[in-house]
Amino acid sequence: MPFRTPAVLSGAVLAAAAVLLWPAPALARPAAPGWSAAPAPGGGARPSAQDRPYFYLEGAPGAVLDDRLALTNPSRRPVTVRLSGSGTGGRLAFAAAEVTLPPRTRAGVPFTLTVPAGAVPGSRSGTITATATAGGGAQARVPLHLRVTGPALSALTVEGVSVVRGSGDGAVVRYALVNRGNTVLRPRVALRADGIFGAALHRPARPLPDALRPGQRIDRTEKWPDPPALEPVEVRVTATAGQGARGAASATYTAVPWGAAAGAAAVLAAGAGTWGVVRRRRRTRRGRGGAGPTAAARTATGTASGSVPVPGSGARA
């Protein structure tokens with residue numbers, strides 16, 4: 001919620017708006033030098049650490065929360081301070097980013113904290129800081145605690161499981177863990193591989209060294225030093241976390257690709273078939289070559305004995 005107050009409030013404006021002036025009685029001792037900042041109390045009481053030692057704000061994602069910061073200048077000189085905030089994850093907006101306090105003055109500066117629309121339910125801490133623009137830049141810090149309300153959702157997925165050959169005879173299992181909820185998770189991961197002849201790999205669930213923030217994705221690898229050489233196996237990665245979060249995914253792996261083996265077998269079969277055809281053709285050619293002269297000889301013999309007269313065979317002397 002934007003403010004229309006100018007960026008710099010003069011001492012006169014503050015005094016006319018919502019500033020409580022402290023009268024300086026005669027013969028009073030000089031006020032202690034310095035200034036302070038604290039959460040503004042209710043009912044017009046004087047702010048102190050006993051009233052509100054810190055700010056506490058609570059709201060749902062997207063809410064705009066408001067409060068007031070009390071600045072006190074007990075000295076006889078004006079003080080100008082700049083205001084800033086950090087650490088809560090929300091957006092802090094002050095009625096004035098720079099405030100000038102007249103001597104012996106207390107002012108209440110309104111501010112708003114906008115909770116991000118996608119904020120995760122839970123508590124977080126920040127700080128509101130007032131920094132003097134002169135005199136060495138003295139600072140006053142006030143803690144701010146924010147609690148984001150809303151239902152907690154724990155969700156975890158395992159994605160992109162794959163197994164690739166590693167160095168030597170080993171393999172590497174690759175996968176990713178993704179926090180799909182709005183709570184911080186500490187996953188535990190188990191690996192298992194099952195093949196034709198039973199379990200080829202079994203690693204019980206073990207915790208990961210790092211927590212998984214909402215929306216965070218981490219890519220991980222697991223070494224598998226002795227996978228089966230020829231047996232196809234199904235590798236399954238299972239991840240669990242608190243509040244019932246669970247995810248699993250799997251992939252199939254064979255050290256010698258069956259597709260390549262099938263291709264090689266097909267080539268060998270094709271070669272064997274071709275060789276058989278060639279051999280049959282050679283045998284056929286040999287058989288035809290032996291029968292040709294015999295048939296010709298039979299034809300020539302039949303012609304000489306039957307149909308063609310032999311010269312001089314019918315003449316008489």
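The paragraphs below lead through a predicted model, from its overall make-up to its strand pairings, its nonpolar cores and its aromatic pairs.

The protein has 317 residues, of which 33% count as buried, and its secondary structure comes to two helices and 18 strands. Among the contacts between residues at least 6 apart in sequence, 67% join residues at least 24 apart. The accessible surface comes to about 18900 Å², and 57% of this area belongs to carbon and sulfur atoms.

Strand pairing is a convenient place to begin. Strands of a sheet pair through backbone hydrogen bonds, in either the parallel or the antiparallel sense. Strand 9, which covers residues 105-114, has nine of its ten residues buried, and it is therefore largely enclosed by the rest of the structure. One of its partners is strand 5 (64-73), which runs antiparallel to strand 9 and is joined to it by ten bridges; within this pairing, A70 stands opposite G108 of strand 9. Strand 7 (91-94) also pairs with strand 9 in the antiparallel sense, over four bridges, and here R91 stands opposite T114 of strand 9.

Strand 6, made of residues 79-86, is joined by four bridges to strand 8, residues 98-101, and the two run antiparallel; V81 stands opposite V99 of strand 8. Strand 6 is also joined to strand 10, residues 122-132, by six bridges, again in an antiparallel arrangement, and in strand 10 the bridge partner of L83 is A130.

These strands meet again in the largest nonpolar core. In soluble globular proteins, nonpolar side chains tend to be buried together. The largest core here holds 30 residues, and those that touch the most other members are L69, L71, V81, L83, F111 and L144. Two of these six, V81 and L83, were named above for their bridge partners, V99 in strand 8 and A130 in strand 10. At least two residues of this core come from each of strand 4 (55-59), strand 5, strand 6, strand 7, strand 8, strand 9, strand 10 and strand 11 (139-148), and strand 11 gives the most, with five residues. Apart from this core lies another, of 26 residues, which includes L156, V161, A171 and L191.

Aromatic residues add a further layer to the picture, with a count of three aromatic pairs. F55 and F111 form an edge-to-face pair, in which the ring centres are 5.1 Å apart and the planes stand at 85° to each other. Because F55 lies in strand 4 and F111 in strand 9, this pair ties together parts that are 56 residues apart in sequence. F55 counts as buried, at 0% relative accessibility, and F111 likewise counts as buried at 0% relative accessibility. Together with F94, the residues F55 and F111 form one aromatic cluster.

Another pair is formed by W224 and Y253, whose ring centres lie 6.1 Å apart with the planes at 50°, so the pair is tilted. This pair too links distant parts of the chain, since W224 is in strand 16 and Y253 is in strand 18, 29 residues apart. Both W224 and Y253 are buried.

Strands 16 and 18 lead on to two open sheets. One of them has three strands in the order 12-13-16, with antiparallel pairing. Strand 12 (156-165) and strand 16 (217-224) stand at its edges with a single partner strand each, so one side of each is left without a neighbour in the sheet. The twist in this sheet averages 20° from one strand to the next. Strand 13, residues 171-179, pairs with strand 16 in the antiparallel sense over eight bridges, and V178 stands opposite R217 of strand 16.

The other open sheet has four strands in the order 15-14-17-18, and its pairing is antiparallel. Its edge strands are strand 15 (198-207) and strand 18 (246-253), each of which pairs on one side only. Neighbouring strands of this sheet are turned against each other by 10° on average, direction ignored. Strand 14, residues 188-195, is joined to strand 15 by seven bridges, and the two run antiparallel; in this pairing D194 stands opposite A199 of strand 15. The tilted pair described above involves both sheets through their edge strands, with W224 in strand 16 and Y253 in strand 18.

Terms used: Residues are numbered from 1 along each chain as its sequence is written. This is a predicted model: local features need pLDDT of at least 70, side-chain atom pairs count only at pLDDT 80 or more; totals for chains, interfaces and linings use all residues. Side-chain values use heavy atoms; hydrogens and water are left out. Two strands pair if DSSP finds at least two bridges between them. Axes are lines fitted to C-alpha atoms, for helices over the stretch in contact, and angles run from 0 to 180 degrees between N-to-C directions. Buried means under 20% relative accessible area, exposed over 50%, partly exposed in between (1.4 Å probe, protein chains only). Contact means heavy atoms within 4.5 Å. Accessible areas come from the Shrake-Rupley method with a 1.4 Å probe; for residues, only the protein chains shown count as cover. A nonpolar core is a set of buried Ala, Val, Leu, Ile, Met, Phe, Trp, Tyr and Cys residues joined through side-chain atoms within 4.5 Å. Rings of Phe, Tyr and Trp (its six-membered ring) pair if their centres lie within 6.5 Å; planes under 30 degrees apart count as stacked, over 60 as edge-to-face and the rest as tilted.
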